[in-house]
Amino acid sequence: MKIQGWYKVIKDEEYFKEFLGIFSEFHDYRITHIEYDFEKNHLMIYLRYDTDEEGAVLKFVNVKDMHICPCDDYEVSWLFGSGLKMLPSYSLFWYNVDDEDNIDEIKKDKNLTWIESEQIIFAWLDKDNQVAPLTDEQLNPVWRILNYETGKYESVQKHFRVFEV
(Lines give C-alpha, C1' and ligand atoms only; values in the text may rest on other atoms or scores of the structure.)
Protein backbone atom coordinates (compact mmCIF):
# COMPACT_ATOMS: atom_id res chain seq x y z
CA MET A 1 0.00 0.00 0.00
CA LYS A 2 1.40 3.39 -1.02
CA ILE A 3 1.30 6.27 1.43
CA GLN A 4 0.12 9.41 -0.41
CA GLY A 5 2.75 12.17 -0.50
CA TRP A 6 5.61 10.19 1.04
CA TYR A 7 8.69 9.22 -0.93
CA LYS A 8 11.82 7.21 -0.21
CA VAL A 9 15.43 8.07 -0.81
CA ILE A 10 16.95 5.27 -2.84
CA LYS A 11 20.50 4.27 -2.04
CA ASP A 12 22.24 5.71 -5.07
CA GLU A 13 24.82 8.51 -4.96
CA GLU A 14 23.42 10.12 -8.13
CA TYR A 15 19.90 10.07 -6.69
CA PHE A 16 21.08 11.87 -3.55
CA LYS A 17 21.71 14.95 -5.71
CA GLU A 18 18.18 14.74 -7.13
CA PHE A 19 16.62 14.36 -3.68
CA LEU A 20 18.55 17.34 -2.30
CA GLY A 21 17.76 19.29 -5.48
CA ILE A 22 14.01 19.01 -4.89
CA PHE A 23 14.51 21.13 -1.77
CA SER A 24 17.48 23.19 -3.06
CA GLU A 25 19.71 21.29 -0.63
CA PHE A 26 17.53 22.76 2.16
CA HIS A 27 19.15 26.17 1.62
CA ASP A 28 17.10 28.81 3.47
CA TYR A 29 15.23 26.17 5.45
CA ARG A 30 15.36 25.90 9.21
CA ILE A 31 14.69 22.97 11.49
CA THR A 32 11.49 23.78 13.38
CA HIS A 33 11.26 20.66 15.50
CA ILE A 34 12.49 17.13 15.89
CA GLU A 35 10.60 14.09 17.15
CA TYR A 36 12.19 10.81 18.17
CA ASP A 37 10.19 7.61 18.69
CA PHE A 38 12.36 5.40 20.89
CA GLU A 39 10.21 2.27 20.45
CA LYS A 40 10.23 2.46 16.63
CA ASN A 41 13.71 4.04 16.44
CA HIS A 42 12.46 6.71 14.01
CA LEU A 43 13.53 10.34 14.00
CA MET A 44 11.46 13.03 12.28
CA ILE A 45 13.00 16.39 11.34
CA TYR A 46 10.57 19.13 10.34
CA LEU A 47 11.90 21.99 8.22
CA ARG A 48 10.28 25.23 6.99
CA TYR A 49 11.34 27.38 4.06
CA ASP A 50 11.99 31.08 4.71
CA THR A 51 8.73 32.17 3.03
CA ASP A 52 6.82 29.98 5.53
CA GLU A 53 4.69 28.82 2.58
CA GLU A 54 6.20 25.34 2.45
CA GLY A 55 8.36 22.89 4.31
CA ALA A 56 9.57 19.33 4.42
CA VAL A 57 9.72 16.45 6.82
CA LEU A 58 12.50 13.87 6.82
CA LYS A 59 11.82 10.56 8.55
CA PHE A 60 14.93 8.59 9.46
CA VAL A 61 14.12 4.89 9.85
CA ASN A 62 16.21 2.64 12.10
CA VAL A 63 18.53 5.32 13.40
CA LYS A 64 22.09 4.08 13.88
CA ASP A 65 23.67 7.23 15.31
CA MET A 66 22.95 10.94 15.54
CA HIS A 67 24.07 14.28 16.83
CA ILE A 68 21.45 16.96 17.33
CA CYS A 69 22.77 20.47 17.77
CA PRO A 70 20.29 22.71 19.53
CA CYS A 71 20.23 26.12 17.97
CA ASP A 72 19.09 28.91 20.22
CA ASP A 73 19.99 31.78 17.88
CA TYR A 74 17.34 32.57 15.25
CA GLU A 75 19.82 34.04 12.75
CA VAL A 76 22.16 31.06 12.72
CA SER A 77 19.37 28.48 12.73
CA TRP A 78 18.88 28.87 8.96
CA LEU A 79 20.54 26.17 6.89
CA PHE A 80 22.85 27.10 4.04
CA GLY A 81 22.49 23.60 2.67
CA SER A 82 22.82 19.96 3.55
CA GLY A 83 24.43 16.79 2.30
CA LEU A 84 23.72 13.09 2.06
CA LYS A 85 26.17 10.23 1.77
CA MET A 86 26.06 6.45 1.87
CA LEU A 87 28.42 4.85 4.35
CA PRO A 88 30.31 1.59 3.68
CA SER A 89 27.66 -0.15 5.84
CA TYR A 90 25.02 1.06 3.30
CA SER A 91 23.40 3.28 5.88
CA LEU A 92 22.51 6.86 4.94
CA PHE A 93 24.21 9.86 6.53
CA TRP A 94 22.37 13.22 6.34
CA TYR A 95 24.03 16.36 7.67
CA ASN A 96 23.12 20.05 7.79
CA VAL A 97 26.10 21.59 6.05
CA ASP A 98 26.94 21.80 2.35
CA ASP A 99 30.59 22.84 2.34
CA GLU A 100 32.06 19.78 4.05
CA ASP A 101 31.90 16.17 2.89
CA ASN A 102 34.39 14.47 5.20
CA ILE A 103 32.22 12.45 7.57
CA ASP A 104 34.90 12.30 10.27
CA GLU A 105 35.15 16.10 10.26
CA ILE A 106 31.36 16.46 10.31
CA LYS A 107 31.12 14.14 13.32
CA LYS A 108 33.80 16.13 15.17
CA ASP A 109 31.95 19.44 14.70
CA LYS A 110 29.70 19.91 17.73
CA ASN A 111 27.73 22.66 15.91
CA LEU A 112 26.26 20.34 13.26
CA THR A 113 23.22 18.11 13.24
CA TRP A 114 23.66 14.76 11.53
CA ILE A 115 21.77 11.47 11.45
CA GLU A 116 22.81 8.02 10.29
CA SER A 117 19.94 5.65 9.52
CA GLU A 118 19.05 2.65 7.39
CA GLN A 119 16.47 4.55 5.37
CA ILE A 120 15.09 8.05 4.80
CA ILE A 121 11.59 8.85 3.67
CA PHE A 122 10.41 12.39 3.04
CA ALA A 123 7.39 14.51 2.31
CA TRP A 124 6.64 18.05 1.23
CA LEU A 125 4.64 20.13 3.69
CA ASP A 126 2.21 22.78 2.46
CA LYS A 127 1.63 26.17 4.11
CA ASP A 128 -0.55 24.48 6.77
CA ASN A 129 2.16 21.91 7.58
CA GLN A 130 0.14 19.14 5.95
CA VAL A 131 1.78 16.43 3.83
CA ALA A 132 0.97 17.01 0.16
CA PRO A 133 2.17 15.23 -2.97
CA LEU A 134 4.93 16.97 -4.89
CA THR A 135 3.54 18.75 -7.93
CA ASP A 136 4.76 18.57 -11.52
CA GLU A 137 6.07 22.13 -11.10
CA GLN A 138 8.18 21.07 -8.11
CA LEU A 139 9.49 17.97 -9.86
CA ASN A 140 10.20 19.72 -13.18
CA PRO A 141 11.15 23.29 -12.27
CA VAL A 142 12.91 25.83 -14.43
CA TRP A 143 15.82 27.28 -12.49
CA ARG A 144 17.43 30.60 -13.27
CA ILE A 145 21.15 29.98 -12.86
CA LEU A 146 23.90 32.58 -13.16
CA ASN A 147 26.49 31.79 -15.83
CA TYR A 148 29.66 33.16 -14.24
CA GLU A 149 31.46 33.35 -17.59
CA THR A 150 28.83 35.53 -19.27
CA GLY A 151 27.44 37.19 -16.16
CA LYS A 152 23.91 36.41 -17.40
CA TYR A 153 21.18 34.21 -15.98
CA GLU A 154 20.18 31.16 -17.97
CA SER A 155 17.01 29.09 -17.67
CA VAL A 156 17.74 25.44 -16.92
CA GLN A 157 15.01 22.79 -16.91
CA LYS A 158 15.37 20.30 -14.04
CA HIS A 159 13.73 16.88 -13.70
CA PHE A 160 13.60 15.19 -10.31
CA ARG A 161 12.49 11.61 -9.78
CA VAL A 162 10.63 10.43 -6.70
CA PHE A 163 9.88 6.93 -5.47
CA GLU A 164 6.63 6.52 -3.55
CA VAL A 165 6.68 4.68 -0.27
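1. Helices and strands here are DSSP runs, numbered from the N terminus: a helix is a run of H or I of at least four residues, a strand a run of E of at least two. The model is a predicted one. Residue numbers start from 1 along the chain.

2. Start with helix α1, which covers residues 13-22. Is α1 mostly covered or mostly open? It is mostly covered, with seven of its 10 residues buried. Those seven are Y15, F16, E18, F19, L20, G21 and I22. The list includes a charged residue, E18, and that residue has a partner, taken up next.

3. E18 makes a salt bridge with R161, at 2.8 Å from N to O. The two residues come from distant parts of the chain, 143 residues apart. E18 sits in α1, while R161 sits in the loop between β10 (152-157) and β11 (163-164). Why does E18 count as buried? Its relative accessibility is 16%, and the cut-off for buried is under 20%. R161 has a relative accessibility of 40%, so this residue counts as partly exposed. The bridge therefore joins a buried acid to a partly exposed base.

4. The count of salt bridges comes to six. As a general point, side chains of opposite charge can pair when their charged atoms come close. Another of the six pairs E118 with K64, and here the closest N and O atoms are 2.9 Å apart. This is a strand-to-strand link between distant parts of the chain: E118 belongs to β7 (residues 114-125) and K64 to β4 (residues 55-67), with their positions 54 residues apart. Both ends are partly exposed, E118 at 34% relative accessibility and K64 at 48%.

5. K127 and D128 also form a salt bridge. Their closest N and O atoms are 3.9 Å apart, and the cut-off is 4 Å. If you cite this bridge, quote the distance with it. K127 is exposed, because its relative accessible area is 53% and the line for exposed is drawn at over 50%.

6. Now the aromatics. The count is 15 aromatic pairs. Take F26 and W94 as one of them: the ring centres are 6.4 Å apart and the planes meet at 85°, so the pair is edge-to-face. The two residues are 68 apart along the chain. F26 lies in the loop between α1 and β2 (29-37), and W94 lies in strand β6 (residues 92-95). Both residues are buried.

7. F26 and W94 also belong to one aromatic cluster. Its other members are Y7, F19, F23, Y29, Y49, F60 and F122. F19 ties the cluster back to point 2, being one of the buried residues of α1. A separate contact involves a charge and a ring: R30 lies over the face of W78, at 5.6 Å from the ring centre.

8. Check the backbone after α1. S24, just past the helix, takes a positive phi of about 50°. F26 has a positive phi of about 65°, although F26 is not a glycine. D28 is likewise a residue other than glycine with a positive phi, near 70°. Are F26 and D28 buried or partly exposed? F26 is buried, because its relative accessible area is 0%. D28 is partly exposed, because its value is 25%. F26 lies in the loop between α1 and β2, and so does D28.

9. The second largest pocket holds about 370 Å³ of space. Its lining has 17 residues, and the closest to the pocket centre are I22, S24, E54, Q138 and P141. Two of these names have come up already: I22 is a buried residue of α1, and S24 is the positive-phi residue just after that helix. Which elements each supply at least two residues of the lining? They are α1 and α3 (136-139). By class, the lining has nine nonpolar, five polar and three charged residues.

10. A last item is M86, placed in strand β5 (residues 83-86). M86 has 22% relative accessibility, so this residue counts as partly exposed. M86 and G5 are 81 residues apart in sequence, and their C-alpha atoms are 24 Å apart in space.

Technical notes
Predicted model: local features only at pLDDT ≥ 70, side-chain atom pairs only at ≥ 80, totals over all residues. Heavy atoms only, no water. Salt bridge = Lys/Arg side-chain N within 4 Å of Asp/Glu carboxyl O. Buried < 20%, exposed > 50% of the residue type's maximum accessible area, 1.4 Å probe, protein only. Phe/Tyr/Trp six-rings, centres within 6.5 Å; stacked < 30°, edge-to-face > 60°. Lys NZ or Arg CZ within 6 Å of the ring centre and 35° of its normal. 1 Å grid on protein atoms, 1.4 Å probe; cavity = no way out; pocket = protein on both sides within 12 Å on 5 of 7 lines; lining within 4 Å. Points joined across faces, edges and corners; volume = space filled by probe spheres on them. Nonpolar A, V, L, I, M, F, W, Y, C, P; charged D, E, K, R; others polar.
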